[in-house]
Amino acid sequence: MNYIEALQDAIFKAHGCKARHLRSIPVNEQFKGKPVWQGVVEVFELIGHPKAKICYAWGHHTGNKDDKSRFVMVLEIPPVDSPLAAVRASIVSDSRN
């Protein structure tokens, strides 16, 4: 299973619908001129989701040895309306947890 397929599988497991990959968008979020998050956000069309038509998703390694992966999925539901807004929402959510 490649990276995009793994994200599609994670979306299906989390949201109960299929996802079609649309595009990859590089995102560089900064705070006070310093990078906070850099990466590529994958954009998916959701098929059959009751509230959202788009899902933004990406993966990253966790732990000291980067041996585990975590997938992040953010639905395009206001105020999230772009890959950058999805990253910002994820950062806020992580800071609260």
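**Exercise 1: charges.** In this predicted model, how far apart are the mean positions of the positive and negative charges of the protein chain?

*Solution.* Start by counting each kind: the protein chain has 13 positive and 10 negative charges. Next, take the mean position of each group; the two means lie 5 Å apart.

**Exercise 2: the order of elements.** Work out how many helices and strands the protein chain has, and in which pattern they follow each other.

*Solution.* First list the elements: there are two helices and four strands. Then walk along the sequence, and the pattern reads α-β-β-β-β-α.

**Exercise 3: overall form.** Which radius of gyration does the protein chain have, and what would a compact globule of 97 residues have?

*Solution.* Begin with the expectation: for 97 residues, a compact globule would come out near 13 Å. Now turn to the protein chain itself, whose value is 13 Å, so the two agree. For another view, the C-alpha atoms fill a box of roughly 40 × 30 × 25 Å along the principal axes. Inside and outside can be described too: 31% of the 97 residues count as buried, while the protein chain exposes about 6,500 Å², with carbon and sulfur atoms supplying 52% of that area. Finally, consider contacts with a separation of 6 or more: residues 24 or more positions apart account for 42% of them.

**Exercise 4: two cysteines.** Explain why Cys 17 and Cys 55 are not joined by a disulfide.

*Solution.* Recall the idea first: a disulfide is a covalent bond between the sulfur atoms of two cysteines. To count as one, the sulfur atoms must be within 2.5 Å. Now check the distance: the sulfur of Cys 17 has its closest cysteine sulfur in Cys 55, 7.7 Å away, which is too far for a bond. The structure accordingly holds zero disulfides. As a last step, look at the surroundings: Cys 17 is buried, with a relative accessible area of 3%, and Cys 55 is buried as well, at 0%.

**Exercise 5: unusual backbone spots.** Find where Lys 32 and Pro 79 lie, and say what the backbone does there.

*Solution.* Keep the general rule in mind: most residues other than glycine have a negative phi, and most peptide bonds are trans. Take Lys 32 first. This residue sits in the loop between β1 (18-31) and β2 (34-47), and its phi is positive, near 55°. Lys 32 is also exposed, because its relative accessible area is 74% and the cut-off is over 50%. Then move to Pro 79, in the loop between β4 (68-75) and α2 (83-96). The peptide bond from Pro 78 to Pro 79 is cis, with omega near 15°.

Key:
Residues are numbered from 1 along each chain as its sequence is written. This is a predicted model: local features need pLDDT of at least 70, side-chain atom pairs count only at pLDDT 80 or more; totals for chains, interfaces and linings use all residues. Side-chain values use heavy atoms; hydrogens and water are left out. The radius of gyration is taken over C-alpha atoms; the globule rule is 2.2 Å times the number of residues to the power 0.38. Buried means under 20% relative accessible area, exposed over 50%, partly exposed in between (1.4 Å probe, protein chains only). Contact means heavy atoms within 4.5 Å. Accessible areas come from the Shrake-Rupley method with a 1.4 Å probe; for residues, only the protein chains shown count as cover. Lys and Arg count as positive and Asp and Glu as negative; His and the chain ends are not counted. The place of a charge is taken as NZ of Lys, CZ of Arg, CG of Asp or CD of Glu.
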